[in-house]
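User: I am new to this structure and would like to be led through it step by step. Could the sequence and model be shown before the questions begin?

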Amino acid sequence: MRNCRYWLFFDLGRNMEFREYKRLANALKMQDTNKYSTWDNIMQLCLNMYEDNHDYLQYCLKLSKAVKLSAQRLLIKNQDVRFETLYWQALKFEAPHLFDSYLLYLERKRLEQDRFYSPKRKQLNKHGLIQAMQDLEDDKLDILSISMPPGTQKCQPLYSKILTPNGFIQMGDVKVGTKVISGTGKVATVLSISPRKKRKMYEVTFDDGSKTRCSDNHLWTVQTRDDRRRKNKDGSEKYRTVELSEMLKNYKLENGKRKNYSIDYVPKIDCFEKKEFSLHPYVVGALIGDGGLTGGSVLLSSVDKELLDRFDSFLPDGYSLKYKERCTYFVSGHEGDNAKVGSLVRKELDRLGLFGKKSIDKFIPKDYLYGSYEQRLWLLRGLMDTDGSASKYYCTYATISEHLANDVCELVHSLGGYASKNKRKAGYKKNGKYKQCNDYFEIIIQFTSGMDSIFSLTRKAEKYTPKRKVMKRFISEIEYIGEEECQCIYIDDESHLYITDDYIITHNTTLEKFFCSWIIGRHPDDFSLFFSHSGDITRMFYDGVMDITTNSDEYCWQEIFPDVKFHSTNAKRETINFNKYKPFSNIQCTSVGSKNAGKVRANRYLYCDDLIGGIEEALNKNILDKLWRIYGTDAKQRKMDGCKEIHIATRWSVHDVIGRLIDIYDGNDRARFIAIPDIDPITGESNFDYKYNGFSVEFFHDQELTMDEITYKCLYKNEPIEREGLLYTDEELRRFITLPVTEPDAVWGICDTKNKGTDYLFLPCMLQYGNDFYLTDCVCDDNSNYGIQYERTSDLIVNTKMQQCQFESNNGGDRVALEVSKLVEQKGGACNITTKYTESNKETKIIVNADWVKKHVLFRDREHYKPKDDYGRMMGFLLSYSVRGKNPHDDVPDGLASFALFVTTGFVRAAQIIQSPI
């Protein structure tokens, strides 16, 4: 150890001021060198040296930093593990005081690829996030706002099924704006879709036989065996989010005998719209079970009077069951003695594709699989009353149709139940010989105790009395499939979970949770409040902070704050308390709409997390006004004197909470607002290219191709755009798919030339038909190479047979016009090219002429251009021009305003016609 200390002391001189280094050296010479050979003893020496000096902590932190740097350097040089120990001891000393060191030491026990902070440290520090949080604690700030793009997404193959309000669709068919069913059972909107790429793909099989496929980096919200046994200290369920690659290591325990990971069953889906059915779902279910559909009449076979009466009561008006023979009844109605061809019942069964089907071919029509909750429940009751059987704790359904068996499983899953399909052999003995029959499928069905009865027959309903309150799906197999093309989606639900194949739930404020846990350790006698738009987000925040502060298997929180002891928690109220009872707990969580008066207070921090639920709320001014009032009454009023604020949210609007706070605190150096875009505008590099699961520039560029301009700018650029402040909205524009059959009256163009920097050269081609102008093509290019500008512009003029084109002569535009006219003549074009100097106020010109553009210009249909071709860029700039905010790209609306003036007023000044020198 003496040698280790010698090398350390020798290296310290590089990292300390000479005066401090000399003082430490002199102090060590006077002491027993062996005594001061460990970190704790060196620190104790420093405390002794500075015990009467209020700066002693700062000196110790300087020394700690020096020791840390030296230990890292010497560890690499000498490969001596004692230096590694010294490094971690230095971090541990700093952790209660420095947020960066806290984050590093907190995750010491975790594998590097599993850590949240260290793989992202470079990027988070580059933008000053960690320093800003440190400044809050050092009392340099009172309010901090952070806005960043959405987090890591999840990849699934393009053929995976995604549940929507109208049933399952394939992942490859999902588009931005598609409505899907979230893991919380609500309708959510797809905000973004990642570019398609190939990844290692695995098939995940569950104990009920359900399966899905996903990539190796796919996130799952699961429980391990330990999570299910231990639970949280308040008795609530313990969850964790892990990548599939991590689950591969231990998804089976005890030599494969026990399954480790489980996920929750989907909650009952109650957001499918109620359908207008001609036949009641119970009738359809019963006919699928015991109906005869292959003859001339619609038959039902049963000896159960209760079933027959219920079936009869659900038949359409004018129809009833009539006895035929033995246990068989036929449906009779207006059109004759029975429901034959032409009757309502027969017509509907024909339309559904059921009539004529034998038992082996039966299925559940898709419309009925995606009816309302009540409709699906009655459908299941019709099936179970006929071909279902009940026992005390579970039920079974039997059929020889595999198609029907799969449909029944899907139906049960959609109602929140367990369904496991098993293939069975069937046969009987006759005259001593065994007769083989068709194999049949037996489905084991279970529901929790709170579920409505899946039987309407009294005898079956009384027999089936489930006791289980919670059911889990267990991962039984994970099998590598190979590399396949896949994509990721991001939805605006607070859980960011969506429902995939076989109703399996799959997984999107982590920095805020870590900061909150640090504050609890530093200030165990104070209390803070977490506030969000959703109760699901507050629950996830509560669970996260609880895990960090109490899970000593993964986090070193107790090591950093050994004197802070867990006291109590209340999962229902989402509160956590340390050290002693307090009227207000260390952390309290609440959401918009909760009745908070007198229940919550904050004297240390108010955490506000995304008060806006999604873009639909963000673009509604009334909702934004309401949220501002809620923030003032439900959140800010809970602050006590000296309480600081942290806001982490997407910048949707200048009228959102952060936008209004920016206006209020403009010029105040006690407030800091950080908004980090996807790509650094100066370097052109990704701001989020982490060591693990990062995002490249190519990722963001491809992502932008799949999203509308407004949503992408809000989510990924953190540039708020106002829908009511937009000069042009999509709904106002006129569109065309095909041109009129006649020749145009004229072909016009007007060119807004490129100046410098971010300017674009914009030249639209307008085909005139009477008072309408069809914008068929354009050049919208920011290329600074003038040669390319001239070529592209002249090509458009020649290819579209443009007859008249006016160039803006400002900033060298007359030179551009001259060069383009030469190329047009060389290429055989015949266009009258003129120039005009403009001196009107640009913004006023754009606004005044917008109405004419909306009334007289027709734009291509959305399906007939790509987001990032010239036409797509033009539309993006046009639809994002705001009369209230800054507009970095106004060339398109300015060019269209110039065209409006060109058409309506002609040449205000005499135009100069350029003669070709050739």
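User: Which residues touch the most other members of the largest nonpolar core, and which helix gives the largest share of this core?

Analyst: This is a predicted model, in which local features need pLDDT of at least 70 and side-chain atom pairs count only at pLDDT 80 or more, while totals for chains, interfaces and linings use all residues. Residues are numbered from 1 along each chain as its sequence is written, and side-chain values use heavy atoms, with hydrogens and water left out. A nonpolar core is a set of buried (under 20% relative accessible area, 1.4 Å probe, protein chains only) Ala, Val, Leu, Ile, Met, Phe, Trp, Tyr and Cys residues joined through side-chain atoms within 4.5 Å. Among the 82 residues of the largest one, those touching the most other members are Phe99, Tyr102, Phe515, Trp557, Ile587 and Tyr607, and the largest share, seven residues, comes from helix α18 (residues 510–522; helices are DSSP runs of H or I, at least four residues, and strands of E, at least two, numbered from the N terminus).

User: How many residues are in the other core, which lies apart from this one?

Analyst: That core includes Leu287, Val331, Met451 and Leu457. The number of its residues is 62.

User: Is Val283 buried or exposed, and which residues is Val283 in contact with beyond its neighbours within four places in sequence?

Analyst: Val283 lies in helix α11, residues 281–290, and is buried, because its relative accessible area is 1%. Leaving aside neighbours within four places in sequence, its contacts (heavy atoms within 4.5 Å) are Phe311, Phe314 and Leu315.

User: What distance should the 13 residues of helix α16 span, and how far apart are its end C-alpha atoms?

Analyst: The expected span of a helix is 1.5 Å times one less than its number of residues. For the 13 residues of α16 (residues 402–414) this gives 18 Å, which agrees with the separation of its end C-alpha atoms, 18 Å.

User: Why is α16 described as largely enclosed by the rest of the structure, and how many of its residues are buried?

Analyst: The buried residues of α16 include Leu404, Asp407, Cys409 and His413. The helix is largely enclosed by the rest of the structure because the buried residues number 10 of the 13.

User: Where is Arg326 found, and what is its relative accessibility?

Analyst: Arg326, a residue other than glycine, has a positive phi near 45 degrees, and is found in the loop between β16 (320–325) and β17 (328–332). Arg326 counts as exposed (over 50%), because its relative accessibility is 74%.
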